[in-house]
Amino acid sequence: MSLPVVLAVLLVLTLLGFRLGMGRALQTVNRRAQLLHSRPGYYGSYVALWALLPAVGILIAWLLLQPLIVEAMLRGSLPPDVAALPESRLGLILNTI
């Protein structure tokens, strides 16, 4: 998936988490917001942050580590005669792949 699609999905999940968190908080007090300890939007924001922050952390980690992981997998799957080539030629082959 491309990065814009992943970010759009994260945005949708965050908004959904906000709505569900706020709705759940209001549901526990039969829609009487004055009985809640905090404003309903705060409960929604809390759920939205718990939906967004771990996913963004994993996304950033993947974007940083992806080139290393993919290159290691490619080098491991190369035939022995190709893997024995000098580093300059091996780099060209990996870029072509």
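# Exercises on a predicted helical model

Asn-30 has a relative accessibility of 61% and counts as exposed. The coordinates belong to a predicted model, and the exercises below work from them.

**Exercise 1. Determine where Asn-30 and Arg-31 lie, and state the sign of phi and the exposure class of each.**

Solution.
- Step 1, location: Asn-30 sits in the loop that joins helix 1 and helix 2, and Arg-31 is placed in the loop between helix 1 and helix 2 as well.
- Step 2, backbone: Asn-30 has a positive phi of about 55 degrees, although it is not a glycine. For Arg-31, likewise not a glycine, phi is positive at about 65 degrees.
- Step 3, exposure: the cut-off for the exposed class is over 50% relative accessible area. Asn-30, at 61%, is therefore exposed, and Arg-31, at 60%, is therefore exposed.

**Exercise 2. Classify the packing of helix 1 against helix 2 as roughly parallel or roughly antiparallel, and give the handedness of the crossing.**

Solution.
- Step 1, extent: helix 1 covers residues 3–28 and helix 2 covers residues 40–77.
- Step 2, geometry: the two axes, of helix 1 and helix 2, come within 6 Å and cross at roughly 155 degrees.
- Step 3, classification: angles over 145 degrees count as roughly antiparallel. The pair formed by helix 1 and helix 2 is therefore roughly antiparallel.
- Step 4, handedness: the crossing of helix 1 past helix 2 is right-handed.

**Exercise 3. Compare separation along the chain with separation in space for the pairs Phe-18 and Ala-51, Ser-45 and Ala-83, and Asn-30 and Pro-86.**

Solution.
- Step 1: Phe-18 belongs to helix 1. Phe-18 and Ala-51 are 33 residues apart along the chain, and their C-alpha atoms are separated by 8.9 Å.
- Step 2: Ser-45 belongs to helix 2. From Ser-45 to Ala-83 there are 38 residues in sequence and 51 Å in space, C-alpha to C-alpha.
- Step 3: Asn-30 and Pro-86 are 56 residues apart in sequence, with 71 Å between their C-alpha atoms.
- Step 4, exposure of the two helical residues: the partly exposed class lies between the limits of 20% and 50%. Phe-18, at 26% relative accessibility, is therefore partly exposed, and Ser-45, with a relative accessible area of 32%, is therefore partly exposed.

**Exercise 4. How many salt bridges are counted, and which residues are linked in a network?**

Solution.
- Step 1, principle: side chains of opposite charge can pair when their charged atoms come close. The cut-off applied here is a side-chain nitrogen of Lys or Arg within 4 Å of a carboxyl oxygen of Asp or Glu.
- Step 2, count: this criterion gives 2 salt bridges.
- Step 3, bridge within helix 2: Glu-71 and Arg-75 pair through their side chains at 3.0 Å, N to O. Both Glu-71 and Arg-75 lie in helix 2, 4 residues apart, which is about one turn of the helix.
- Step 4, bridge between helices: Glu-87 and Arg-75 pair at 2.8 Å, N to O. This pair links distant parts of the chain, with Glu-87 in helix 4 (residues 87–96) and Arg-75 in helix 2, 12 residues apart.
- Step 5, network: the salt bridges connect Glu-71, Arg-75 and Glu-87 in a network.
- Step 6, exposure: Glu-71 is partly exposed at 36%, and Arg-75 is partly exposed at 29%. Glu-87 is exposed, with a relative accessible area of 52%.

**Exercise 5. Which helix gives the most to the nonpolar surface patch, and how many residues does that helix give?**

Solution.
- Step 1, membership: the patch on the surface consists of Leu-3, Leu-7, Ile-60, Trp-62, Leu-63, Leu-64, Leu-65, Leu-68, Ile-69, Val-70 and Met-73. Together these residues have about 1,100 Å² of accessible area.
- Step 2, contributors: helix 1 and helix 2 each supply at least two residues of the patch.
- Step 3, main contributor: helix 2 gives the most, with 9 residues.
- Step 4, one member in detail: Leu-64 lies in helix 2. With a relative accessible area of 62%, Leu-64 is exposed.

Methods. Residues are numbered from 1 along each chain as its sequence is written. This is a predicted model: local features need pLDDT of at least 70, side-chain atom pairs count only at pLDDT 80 or more; totals for chains, interfaces and linings use all residues. Side-chain values use heavy atoms; hydrogens and water are left out. Patches are made of residues with over 30% relative accessible area and no salt bridge: like charges are joined within 9 Å, nonpolar side chains (Val, Leu, Ile, Met, Phe, Trp, Tyr) within 5 Å. Accessible areas come from the Shrake-Rupley method with a 1.4 Å probe; for residues, only the protein chains shown count as cover. Buried means under 20% relative accessible area, exposed over 50%, partly exposed in between (1.4 Å probe, protein chains only). Axes are lines fitted to C-alpha atoms, for helices over the stretch in contact, and angles run from 0 to 180 degrees between N-to-C directions. Angles under 35 degrees count as roughly parallel, over 145 as roughly antiparallel, 65 to 115 as roughly perpendicular and the rest as oblique. A crossing is left-handed if the near helix is turned anticlockwise from the far one by less than a right angle, and right-handed if clockwise.
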